[in-house]
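Student: I would like a close look at the open spaces in this protein. Please describe the pockets and the cavity, and then place them in the context of the rest of the fold.

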Amino acid sequence: MVGRFLILCLSLFIGLMGKAQPNVLFILADDLGYGELGSYGAKDVKTPFLDELAKGGVQFNRAYANSTVCSPSRAAILFGDYPDRVGVPGVIRDIPHNTWGNLRDDLVSLPSQFKKLSYQTALIGKWHLGYKSPDLPNDRGFDHFKGFVGDMMDDYYTHLRADKNWMRENEHVIEPKGHATDLFTDWTLNYLNESKKLKDPFFLFLAYNAPHDPVQPPADFLERVQDRLPDVSLKRQKMIAMVEHLDHNVGRLIAYLKESGEYEETLIIFTSDNGGALRYGANNAPFNGGKGDMLEGGIRIPCIMSWPDELAASVTNQTFLLMDFYRLLPDLAGRKSKEEIDLSAALAAANRDDMIWVRREGNRFGGQAYYAISDGTHKYLQNSPFEPFTLYNLSQDSTEQEPLVNKEKEKELLKKMTEHIQQSGKIPWQ
């Protein structure tokens with residue numbers, strides 16, 4: 001099963017030694033490129049708080065989103081399987097003729113798993129997996145929800161999408177004021193403060209919509225970037241400011257946890273739902289492609305796990321899919337004690353099943369799906385349903401510049417992908 005060996009290795013490494021269950025803070029950025037953090041090689045962006053988190057935790061250099069767009073990856077995290085197997089092969093929208101998913105009703109969500117472990121659960125920020133019951137956060141295992149139901153905001157200050165207000169606190173419509181990234185952080189800080197009054201640990205899913213377009217950083221952040229990098233294009237300046245504003249807000253959360261004494265008892269995950277959008281100035285270096293592509297730039301993502309004193313600092317090249325968190329996190333939270341082992345060696349020795357990516361989309365794609373599959377070394381992909389598949393050897397060409405011709409490998413991967421499509425075709429998504 002995908003990720004089983006990885007789960008075992010991490011579980012063996014982490015010894016709770018009789019301590020209380022950890023808090024779990026899962027921070028998901030939206031359209032954050034692989035090359036946007038200093039710890040991942042960024043030269044023009046200053047991300048001190050996330051870099052420090054990576055320095056003290058585990059940095060995954062081969063973490064992958066489950067899709068090249070938003071809804072499918074979020075569904076994979078929260079329901080623990082490939083997106084088309086949980087009913088979300090594409091983006092869910094409040095547009096009947098252009099929506100491409102519907103969550104299965106029979107699945108147990110990640111927050112529901114935590115509730116079984118006596119956790120309080122909350123989602124703050126972006127949902128994007130349904131607009132009405134039974135597909136709202138409170139229907140799917142979250143005790144508390146405060147955030148945005150919709151797919152994107154047309155403005156970070158008005159929070160409207162096509163003149164509709166999708167901001168909610170549980171089932172109630174709210175009209176908050178302020179930049180969405182600041183608001184989501186403020187609400188998280190309020191939640192963390194309130195959660196201290198309860199004896200149970202928390203699982204908090206904080207889903208920022210930054211740096212998704214419209215790329216709209218606060219004026220003071222943009223001014224600082226323009227002063228520092230006057231020769232950079234305005235488009236890139238805005239993206240840099242957006243990422244630095246996000247980093248600043250993560251820093252606010254870390255500062256609170258440290259001041260409250262909860263930092264050492266909190267497992268923090270930071271990652272993205274897919275690669276950065278090139279047309280808005282994102283940086284997915286060193287990889288080719290971006291959001292919407294099955295190339296590495298569209299699906300390879302920054303991913304950091306931090307648990308001070310429990311999870312040793314390391315960098316791993318082990319492949320990891322967002323859906324692996326569904327099994328990994330409850331496993332870590334529920335364990336009592338295990339012996340320490342060499343995490344890096346364990347991950348290097350892990351064997352992974354094939355990885356498959358899917359996106360179904362309307363408009364120019366006509367409602368058709370396109371796919372990629374990788375065995376960890378070779379990758380067979382298409383970037384639209386209308387183009388032929390291309391084979392690459394990632395171990396020799398991670399930037400996917402030199403297509404291969406290997407009929408035997410192509411046949412092998414196509415057969416496995418076809419089997420996946422046959423199985424996922426049994427799942428209704430409308």
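Tutor: What follows takes the pockets and the cavity first, then the fold around them.

The model is predicted. The largest pocket has a volume of about 680 Å³. Its lining consists of 29 residues, and those nearest the centre of the pocket are Val69, Arg93, Arg279, Lys291 and Arg359. Sorted by class, the lining of the largest pocket holds 11 charged, 10 nonpolar and eight polar residues.

The second largest pocket contains about 360 Å³ of space. It is lined by 21 residues, with Ile92, Arg93, Thr99, Gly101 and Tyr131 closest to its centre. Here the lining divides into nine nonpolar, eight polar and four charged residues. Arg93 is thus listed among the residues nearest the centre of the largest pocket and also among those closest to the centre of the second largest pocket.

Next comes the enclosed space. With a threshold of 30 Å³ or more, the count is one cavity. The space in this largest cavity is about 30 Å³. Asp31, Pro211, His212, Asp213, Val215, Met239, Ala277 and Tyr280 form its lining. By class, these comprise five nonpolar, one polar and two charged residues.

Some of the lining residues can be placed in named elements. Met239, from the cavity lining, falls within helix 7, which covers residues 234-260. This helix has 27 residues and reaches 39 Å from its first C-alpha to its last, close to the 39 Å expected at 1.5 Å a residue. After helix 7 comes glycine 261, with a positive phi near 80 degrees.

Arg359, one of the residues nearest the centre of the largest pocket, belongs to strand 14 (355-360). That strand is part of an open sheet of four strands, which has the order 14-15-16-17 and antiparallel pairing. Strand 14 and strand 17 (390-393) are the edge strands; each has a single partner strand, so one side of each is left without a neighbour in the sheet. From one strand to the next, the twist averages 15 degrees. At the other end of the order, strand 16 (residues 378-381) pairs with strand 17 in the antiparallel sense over four bridges. Within this pairing, histidine 378 has asparagine 393 of strand 17 as its bridge partner.

Several loops have backbone geometry that deserves a check. Most residues other than glycine have a negative phi, and most peptide bonds are trans. The peptide bond from serine 133 to proline 134 is cis, with omega near 10 degrees. Proline 134 sits in the loop between strand 3 (120-126) and strand 4 (144-148). A second cis peptide bond joins alanine 285 and proline 286, with omega about 10 degrees. Proline 286 lies in the loop between strand 10 (266-272) and helix 8 (296-299). Asparagine 170 is not a glycine, yet its phi is positive, at about 55 degrees. This asparagine is in the loop between strand 7 (167-169) and strand 8 (172-173).

As for the whole protein, its secondary structure comes to 11 helices and 17 strands. The radius of gyration is 20 Å, close to the 22 Å that the globule rule gives for 430 residues, so the protein is as compact as a globular protein of that length. Along the principal axes, the C-alpha trace spans about 60 × 55 × 45 Å.

Technical notes. Residues numbered from 1 in each chain as written. Predicted model: local features only at pLDDT ≥ 70, side-chain atom pairs only at ≥ 80, totals over all residues. Heavy atoms only, no water. Helix = DSSP H or I, 4+ residues; strand = E, 2+ residues; numbered from the N terminus. Expected span 1.5 Å × (residues − 1). Pairing = 2+ DSSP bridges. Axes fitted to C-alpha atoms, helices over the stretch in contact; angles between N-to-C directions. 1 Å grid on protein atoms, 1.4 Å probe; cavity = no way out; pocket = protein on both sides within 12 Å on 5 of 7 lines; lining within 4 Å. Points joined across faces, edges and corners; volume = space filled by probe spheres on them. Nonpolar A, V, L, I, M, F, W, Y, C, P; charged D, E, K, R; others polar. Rg over C-alpha atoms; globule rule 2.2 N^0.38 Å.
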